[in-house]
Amino acid sequence: MTPNTPAPRTPPATPVSGVPFDADNAPANSVENHANAVPAEPASNDSAASTVSSAPTGSRVPAVPVASGAPIGSRVPAVPAASGAPIEPRATSALAAPNAPIEPRATSVPAAPNAPTGSRVPAVPAASGAPIEPRVPAAPAASGAPIEPRATSVPAAPNVPTGSRVPAAPAAPNAPTGSRVPPNAPIEPRATSAPAAPNAPIEPRATSVPAAPNAPIEPRVPAVPAAPNAPIEPRAPAPTASRALIEPRAAYEPVDSAAASEQHAKIVNITFAGTRTRAELCETPSAPLVCVIADPDETRISIPAHENLLVVDPGDWNDSLSPWPAPACFRGGGAFGGYADRFLQTLTESILPAAERELGLAPTRRALCGYSLAGLFALYALYRTDRFTHIASASGSLWYDDFLDFLRANAPRVPNACVRLSLGDREEFTKNPRLAAVGSATRETVQILRSQHLDVTLTMNPGNHFFEPDARLSRLIEALAL
C-alpha cells in the first residue's frame, strides 16, 4: 500500500471507559487499521485530557478515536494525511467556556424550579452562575384594585339586589356578591330596568278599550232606504237619435199583490186547450183584456181595476216564445226551438176564445204583454196577428238573432198600434256578447217602429235584467192606458 493510497475504512475500535488508547498495546486489528496514522504531538499541560471519561460535558467525540495527546474536539478526516502533514481540524460548534454567559434561547419550556414566576429558561441549561434574563410577565392586579366586571347574561345570585347581574364565573368565597375577580374588589352593578315596587301604580298601555256595559254606543249611520212612495230620480238614458221617443225613468212603486187581487171581484185558475191560466176579472165583461205570457203561479201583476187580466203559461220558454231556431246563449244552456208561430196560433185560436167564452168576456181591446223572452214574443205577435192592439215588452230580448232585420222587412198587422218598451240601465253591461247588444238593439227598435208610424215609448228602469220584473211589467201595462 503506497503512502497516497487510502486504506479501507473499518469500524473503529470501541475504547474502554477510563483506559487510554494505545496503538502499541492495542489489538492487532486496531494497529493494522491505523498503521498509517501519524502520531500526534504530545499534549501540553493546558490541553484537555485524552481519556473519554474526562471530556467536558457536551463535547463531541469524533467517529475515529484521536491519537494520544490530540486536543479534544478535533475531528480526524476519513483519509489519513501524509506523513508529517498537519491535520486540519473540522470547523465545529465550539463549546462555550465553563464560566461563559449563555444567551437564553427563546423557547417555550417550563421554568427551572427556583426561577422567578414568569421567567422562561432556554432549551440548553445555563452554566452554573450564569445570569438569566427573566421574561416580564403580565403583572396581576394588586389586591384591592377595582376590577371592571365583564358584562355577561347570567342569573343573579340569591342575595344580589334586584337588577344586578352576576358574571358567568362565580366569585371567590369572600368576594362580594357579583364580583368575578379577586376578593374585596368592588363590582359595579349593571344598570337594568328595575321592577316597580309592589304597590307602585302601573301605567296602563294605550289600547282600544271596549266601552263600559252601560255606555252609549254611537250607531253607524246606514244608508236609509227611501220611503215606500218616495219618487226615484230618473237616470239619464243613453243618447239616441230621437230623444223624444224615450220616456224618463219612472218611479218605482212596489206591487201589492193583495191589493191587486182585491181590485177584481173574481180570480179563476183554469186550463184551456191544455194550458194553465189565471184570470183576474172585474165586474165589466167588456173591459179591456190584458194577456200576460208568464207563469200563473209565480207572477203577480198589478193592473188597473177596470181591466181584466189573463195570465197564460207558455210551457217551454225557449221553444214556445222564440220566433226561429237559434243557438243557446250560455254554455250548457238550451237552444231556442223557434216555435213562436205555433204557440201564437194556439193562443189566438184556442186559449183566448175559450177563456172569453167560459168567463163571459167581450173585450173591446186586447193587449199582449211579457217580460224578457215573452216581451220578444209580444212584439213579434204584432207582425203576425191583428188580435192585439197594444203591446208591452218589458226588458224584451230584442238582441235575438236577426230580429231587427225581421222588423225592417215586415209591417205591423195593426196600424197605429201602441207599443211600450222598457229596459234596465245595467242590462247592456253583461259579459255575454249576445246579451250585451240588448241596449243598442232596443234603441234601434224604437227607431224602426217609429218609422212605421207606431205609438212607441222607451222607459229606462234601474238595475239589471233580473231586478223587480213584476214591478216593471205592471208599470208598463199601466202606461198602455187601455
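**Strand 4, helix 5 and their surroundings**

Student: Which residues of helix 5 are buried?

Tutor: In helix 5 the buried residues are Leu 373, Ala 374, Gly 375, Leu 376, Phe 377, Ala 378, Leu 379, Tyr 380 and Ala 381, where buried means under 20% relative accessible area, exposed means over 50% and partly exposed lies in between, with a 1.4 Å probe and protein chains only. The helix spans residues 373-381, and 9 of its 9 residues are buried. Helices (H or I, at least four residues) and strands (E, at least two) are DSSP runs, numbered from the N terminus.

Student: And what sort of model is this?

Tutor: This is a predicted model, in which local features need pLDDT of at least 70 and side-chain atom pairs count only at pLDDT 80 or more, while totals for chains, interfaces and linings use all residues. Residues are numbered from 1 along each chain as its sequence is written, and side-chain values use heavy atoms, with hydrogens and water left out.

Student: OK, strand 4 next. Why is strand 4 described as largely enclosed?

Tutor: Strand 4 covers residues 289-293, and 5 of its 5 residues are buried, so the rest of the structure largely encloses it. Leu 289, Cys 291 and Ile 293 lie on one side, with Val 290 and Val 292 on the other, and both faces are covered.

Student: Which strands pair with it?

Tutor: Strand 4 pairs in the parallel sense with strand 5 (residues 308-312) over 5 bridges, and also in the parallel sense with strand 6 (residues 366-371) over 5 bridges; two strands pair if DSSP finds at least two bridges between them. Ile 293 stands opposite Val 312 of strand 5, and Cys 291 has Leu 368 of strand 6 as its bridge partner.

Student: How many disulfides turn up, with cysteines about?

Tutor: The search of the whole structure finds 0 disulfides, a disulfide being a pair of cysteine sulfur atoms within 2.5 Å. For Cys 369, the nearest cysteine sulfur is that of Cys 291, 7.9 Å away. Cys 369 counts as buried because its relative accessibility is 0%.

Student: What does helix 8 pack against?

Tutor: Its buried residues pack against strand 4, strand 6, strand 7 (390-394), strand 8 (418-424) and strand 9 (455-461). Those buried residues include Arg 472, Arg 475 and Leu 480. Just after the helix, Ala 481 takes a positive phi of about 55°.

Student: Different topic: which residues make up the aromatic cluster?

Tutor: Ring pairs link Trp 324, Phe 336, Tyr 380, Tyr 383, Trp 399, Tyr 400, Phe 403 and Phe 406. Rings of Phe, Tyr and Trp (its six-membered ring) pair if their centres lie within 6.5 Å, with planes under 30 degrees apart counted as stacked, over 60 as edge-to-face and the rest as tilted. The whole structure has 10 aromatic pairs.

Student: And what does Ala 340 touch?

Tutor: Ala 340 lies in helix 4 (residues 340-359). Leaving aside neighbours within four places in sequence, Ala 340 is in contact with residues including Leu 321, Phe 377 and Tyr 380, where contact means heavy atoms within 4.5 Å. Ala 340 and Leu 321 are 19 residues apart in sequence and 4.6 Å apart in space, C-alpha to C-alpha.

Student: Last one: where is Phe 272?

Tutor: Phe 272 is in strand 2 (residues 266-272), and it is buried, with a relative accessible area of 4%. Among its contacts, leaving aside neighbours within four places in sequence, are Ile 351 and Glu 358.
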